[in-house]
Every structure is written in structure tokens, then in C-alpha cells.
Number of protein chains: 2
Amino acid sequence: MMTPRIRKEVDEALFAFVDRRRPDLLAVSPDLAPLLDALDSLLAGGKRLRPQFCYWGWRGAGGGTEPGIVTAAASLELLQASALIHDDVMDSSDTRRGQPSVHRRFEELHRRESLLGAAEPFGVGAAILLGDLCLAWSSQMYESSALEAERLARGRTVYDRMRTEVMCGQYLDVLEGARRGGTVETALRVVEYKSAKYTIERPLHLGAALAGAPLPVMEALSAYGRPLGIAFQLRDDVLGVFGDPAETGKPAGDDLREGKRTVLVALTAERASPAQVEVLERHLGDPALDGAGVDRVRTIIEESGGLAACEEMIERYADQAAKALADAPLTSEAVKALEDLAVAATSRQA
Amino acid sequence: MMTPRIRKEVDEALFAFVDRRRPDLLAVSPDLAPLLDALDSLLAGGKRLRPQFCYWGWRGAGGGTEPGIVTAAASLELLQASALIHDDVMDSSDTRRGQPSVHRRFEELHRRESLLGAAEPFGVGAAILLGDLCLAWSSQMYESSALEAERLARGRTVYDRMRTEVMCGQYLDVLEGARRGGTVETALRVVEYKSAKYTIERPLHLGAALAGAPLPVMEALSAYGRPLGIAFQLRDDVLGVFGDPAETGKPAGDDLREGKRTVLVALTAERASPAQVEVLERHLGDPALDGAGVDRVRTIIEESGGLAACEEMIERYADQAAKALADAPLTSEAVKALEDLAVAATSRQA
């Protein structure tokens, strides 16, 4: 099994990149140290799924073992760090990967140092800026990978599309959460752009484009990556409601308090009785929802058949991905690695 | 005078880039139209200083008239749009360039469409995402300019440094605003990174690096750009307190309400009586500061000699820039354009 070694190489490339930025920042001012600390803490967690899909997209398309690909792939983790930091601001989340979210860390710094003004906007400001820095650094890291200029130019087209897709998908997600009458269909459209393409299909395409893959390979990666990406997000939705906080790194029920209009919620709403829908609508998005309320919503999701329908969808999409992979014109080593990654991306453990 | 023509070309390149993104976004969802509308509205204003400095850095270093340089230079305007959108969120500003700020626009959309949940976090979320999109698009636009790959690689080093500097400078600015006992020296350090380098020196360096300028040219551009950048920001500080809202596009006294610890404020605090300092500290950062309060602070800034000291600094730095420019190893056409830009950047009119 090759994926753990690649994951380790991704980590090394990522931390090496951040470490090279460190002295420059501290030379500007030692006051910038908390930004680096917050980033170190965030990057300590994470499954590195996107870099691994990128790497195996490359290898699957016949790319070699040069270290440049690991650097280019690892840059996706900085893009993801940016998205998480800004996402947590937008959702007012307290925790991420089992640690305080970045904006909460800086609120705490504001209090600890008895700074002037309100702590909350200070935390938000710092988090917006650190997210911006991570976004800028993701493209800097990509461009700094030692791959040939023509390869990087080919990959850039995918990278550009992916960034636009994920940002637009996030906006559609915010909008969906603020609208009445979301359906399974509208929730799936959000999943497609915000999460499925961004997490799996585009990283695969990025690696393959860097390797110079022909169209049939790109299409085969889509046939595998698109359903797997949906299955990944549906699993994430289920874990967001039923997952163990020790594993998800998020308090139980956070997704419910944030009022996320997930496919799981839409499947439940379709199947629930009017009385159950009333409870669901009342609890979803209630920032003060307590443990008993979370339990009530969980029961509705289970008893309505919403959970079973969601698990069935996950299985169906994961099967579709597996079948597509079996037929894909990829190297056998990559097929094996992508099988393992499919399991990791849809596993019942966070 | 060449600068108006270049400004027009920058505008054309900028709007052409955004227009090429438009159909892709609307194909994802017509719900994305408000993001494009908000960006159009923001980009309708602005003096395009950064692209113009970049362009004349290029021409000054012997670069030709190929259109690629205008595209690369215009990409700085998207970076600036990102910074402004996020800055307005951090400062809770209501207006920008005489229009509602992006987060306020989306608050208004939330109310108009009677969306669920609170309008304010919806506005903030949309603005964070549109700022992210502009940041991603700025590098996409830069890379899409038709300049040779080696030129773009040289320029990228400057671009990367500039982005990191402005984001770190912004954080230091937020921190400075939250600390007691700011001095002229600490305020100037913020100015250097957040504004001076970002607005003038780095755009000049970017153009020159793209043109393949040798070290003496880069140093000459610094000798001109660094003091001019400081003069630019000090002028901005003065306009932030005394400027005509019709010209600045910001309500009178906004900088005071936000509690900005500008060099102007530090110069005033150094010169004011204890009683004046007490009034100054009480009013600075008061979000409810009314017109009478703004007038009281203005009077203190004038009577203490803070304003005169600031005007003197502006003149000194602008003179220093002018002298450096006279000796600079640049083409005479560029020297003339940079003289005009120096006037535009430090003019008493916004």
C-alpha cells in the first residue's frame, strides 16, 4: 500500500514550504508569529486527501516519481487550509480538527494581551487575513514545484477552474442554507461544486493534466472521481450529525446548529411526517441547540428513513466509482492506490 | 501625457477578463449573478494606480508596448479588489468608492429576498467568498497574460512577495489599532508593508522584473517608490479625516470611527496636550462618533500641529521621490509618466 508513504511525503513538502516562509515573516515583525502558530496547528491535522488524489491522478496517467509532483500536489492542502479558515469564520465554528478555529484563537490572543476594542472582530480579521495568505501561498507553492513550465501551464487551467468552482460552490451553499424548500436536487448541486469536484475530480485532473494525460484518461478519472466525490460529501454529512467528535474534530451536532441544508437533511425532509418536519425546521440552524435537541433531530433522521436513504446513496455512488475505476485506462499501481483512497474517503470513521 | 491612455487600456483588459469568466459562472448557476454584479460595481471605481506603476516600471526598464504587460499589470486591480472587499468586512465599512460595500450589498440581497437567518453573517460570508475569488482571479489573470514564461516566472517572485507583504501588513495594522501607545515609528512600519510597498514599490518592481531589469534599475525604482509610497499613504490618512466624501467615496470621519492608528494620529498624539489626548483617545474607535465629535477631533489634529507635521512629511517624502526619479536610469518617457503618477498619488484631491 503506497498511500501512507505519499501522505508522508506530502507532509514533508508542506511543512518545508511553510518553514521557508517563517524567517521572512518574523523578519518583518515578531508580531506575525501567531499567524504561523495558527497555521502550524491547523496543518497538523487533516487526511491530505486532495494531494493524494492529485498524486495518483499523475501516476495513473503515467507520471514518474520526481519530487516536483509531491510539491505541486501538497499545495492543494494550503488551498484547503484557506477554505477551512474562511469557512469557520462564515459558520462561526469554534473548533476545527479538534483545535480552536483560527478566529477563536485570535479572539483568545486579543483577551490574553488585553488588546483594545472587541475580541470577536479582531479574531475574524486575523482569520480572514491568514486565509488570504494560505490562498496566495497555495499558488506560490504550486508554481515553486520543480515541474517543467509547460506541465505547470497545463495544470494551471485545472487549478484555476477548481478554485472558481469551490468558491462559487461555497456561495451556493451559503445561499442554499438561507432558502426555504431545498430539495435533494438543489442540495446535490451544491455538493457537486463545493465539495465533490473540489475534493476528488479536480485534484485527479490536476495530477493527470500535469502528466499530460489525453482526454480518455481525464474522462475515466471523472467517471471515478465524480461519484466518489458525491459519496465523500454524503459520508461527511452523515458524520457531521452522527460522527464521534473525537474523530471528526467538531462538536456533535455542529452541522445542525449551523443549519446546513445537506443532502441528508433533504432526504429526511422528503420522508418525514409533517410533525417531524416541523421539529426539524425548528431545530436546524438554532445556534443554541442542546444535546437533547441534537438527539431529537438524529431520531427523526433515522426513523424517517433519511439516514438509510443516504447510506444507500453513498453505497450506490461508491459502487459506481469502483466500477469506473476497474475499467479505467490507468496504471495498475494507481488503480490500487485509488481503491484505497476511495475507502478512506467514504469510511464510516472520520 | 501617456497615463490616461494606459489607464484606459488597463480598464479594457480588466473588464475583458471578468467578462470572460461571466458565462462560466452563470452556467454553474444564475444565482451567482449577484457576485458578478458586486464585482462590476466595485471595479467601476478606482484610480488604477497599481497597474499604472507596474506598466511604467516595465516601460522604464525598457519593456516594449506588447499588450501582455497591460494584462499582467491590470491583474493587480483584482488583487486590490480582494483586499478592499476583505478590508471592508474587517472594518465593518458601509461604503467603498461611493457605493455600498460588498458585504452590505449582500445583506441587502438577504433582506430583499427574505432569506432565512441573519442578514449580517450572510453578507460577510458572500464578501469573504467574493474576495477569495478576486484573489484567485488576480493570479489567473496574471498567468493568462501573453508574456513569455520566463518573464512571468521572474515577475512571480515579486508578486508572491507583494501578496505576503500586504496581508502581513494588514494584520499588523489590525494589531496596531488594538494596541495602546502606538508611535509614529510603529505606525510607519505598518504603512511600509500594508500600503507603501504594495501600492508603489512592488508594482514598479513587478513591471521591471517582467522586463528583465538589472539590479540598479530595481534599486532606483525603490529609491523613488518607497518614499512616494509613504507620501501616498500619509495623504490617504489626511483625506480619511479631512477629505470630501464625494471624492473619497467614504463618509467623513470613517477612519476615526474605525480607530485607525495612522501616522497622522500618532503625530497628533505626540504634539497634543494631555486634555487633547484624552479627547482623541475617547473618540478614536467610537463607532457612534457623530459629526460634532469628528469636528472636535479634526480641530485637535489641526491645532496640535499634527496636520502640519503630516503635510510636511508628505512634502519631504514626495521631494525625496522626485529627486530619486530625476537620477534614475529609466527611459525619459517613463520618468515623465512617473512624475505624473507621483502627483496623482499624493494629490490633495482623492
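Welcome to this predicted model. A good place to start is its largest cavity, which is lined by 16 residues. Nearest the centre of that cavity lie Ser139(A), Glu143(A), Arg163(A), Ser139(B) and Glu143(B). From there, we can look at the other cavities, how the two chains are related, and the nonpolar cores.

**The cavities**
- Two or more lining residues of the largest cavity come from each of these elements: helix 6 (119-144) and helix 7 (149-177) of chain A, and helix 6 (119-144) and helix 7 (149-177) of chain B.
- Sorted by class, this lining has eight charged, four polar and four nonpolar residues.
- The volume of the largest cavity is about 120 Å³.
- In the structure there are six cavities of 30 Å³ or more.

**How the two chains are related**
- A turn of 180° with a shift of 0.0 Å along the axis lays chain B on chain A, with an RMSD of 0.0 Å.
- The two copies are therefore related as by a two-fold rotation axis.
- Both copies use the same surface, as 100% of the contact residues of chain B recur in chain A.

**The nonpolar cores**
- The largest nonpolar core has 188 residues, and those touching the most other members are Phe53(A), Tyr171(A), Tyr224(A), Phe53(B), Tyr171(B) and Tyr224(B).
- Another core, of 28 residues, lies apart from that one and includes Val184(A), Ala196(A), Leu289(A) and Tyr317(A).
- Tyr171(B) is worth a visit: leaving aside neighbours within four places in sequence, Tyr171(B) is in contact with Asp31(A), Leu32(A), Pro34(A), Leu35(A), Phe106(A), Leu109(A), Phe122(A), Ala126(A) and Leu129(A).

How values were computed:
Residues are numbered from 1 along each chain as its sequence is written. Chains are lettered from A and ligands numbered from 1 in the order in which they are written. This is a predicted model: local features need pLDDT of at least 70, side-chain atom pairs count only at pLDDT 80 or more; totals for chains, interfaces and linings use all residues. Side-chain values use heavy atoms; hydrogens and water are left out. A nonpolar core is a set of buried Ala, Val, Leu, Ile, Met, Phe, Trp, Tyr and Cys residues joined through side-chain atoms within 4.5 Å. Buried means under 20% relative accessible area, exposed over 50%, partly exposed in between (1.4 Å probe, protein chains only). Contact means heavy atoms within 4.5 Å. On a 1 Å grid over the protein atoms alone, a cavity is a set of points where a 1.4 Å probe fits but cannot get out, and a pocket is an open set with protein on both sides within 12 Å along at least five of seven lines; lining residues have an atom within 4 Å of a point. Grid points are joined across faces, edges and corners, and a volume is the space filled by probe spheres set on the points. Helices (H or I, at least four residues) and strands (E, at least two) are DSSP runs, numbered from the N terminus. Ala, Val, Leu, Ile, Met, Phe, Trp, Tyr, Cys and Pro count as nonpolar, Asp, Glu, Lys and Arg as charged, and the others, Gly among them, as polar. Copies are superposed by least squares on the C-alpha atoms of residues with pLDDT of at least 70 in both.
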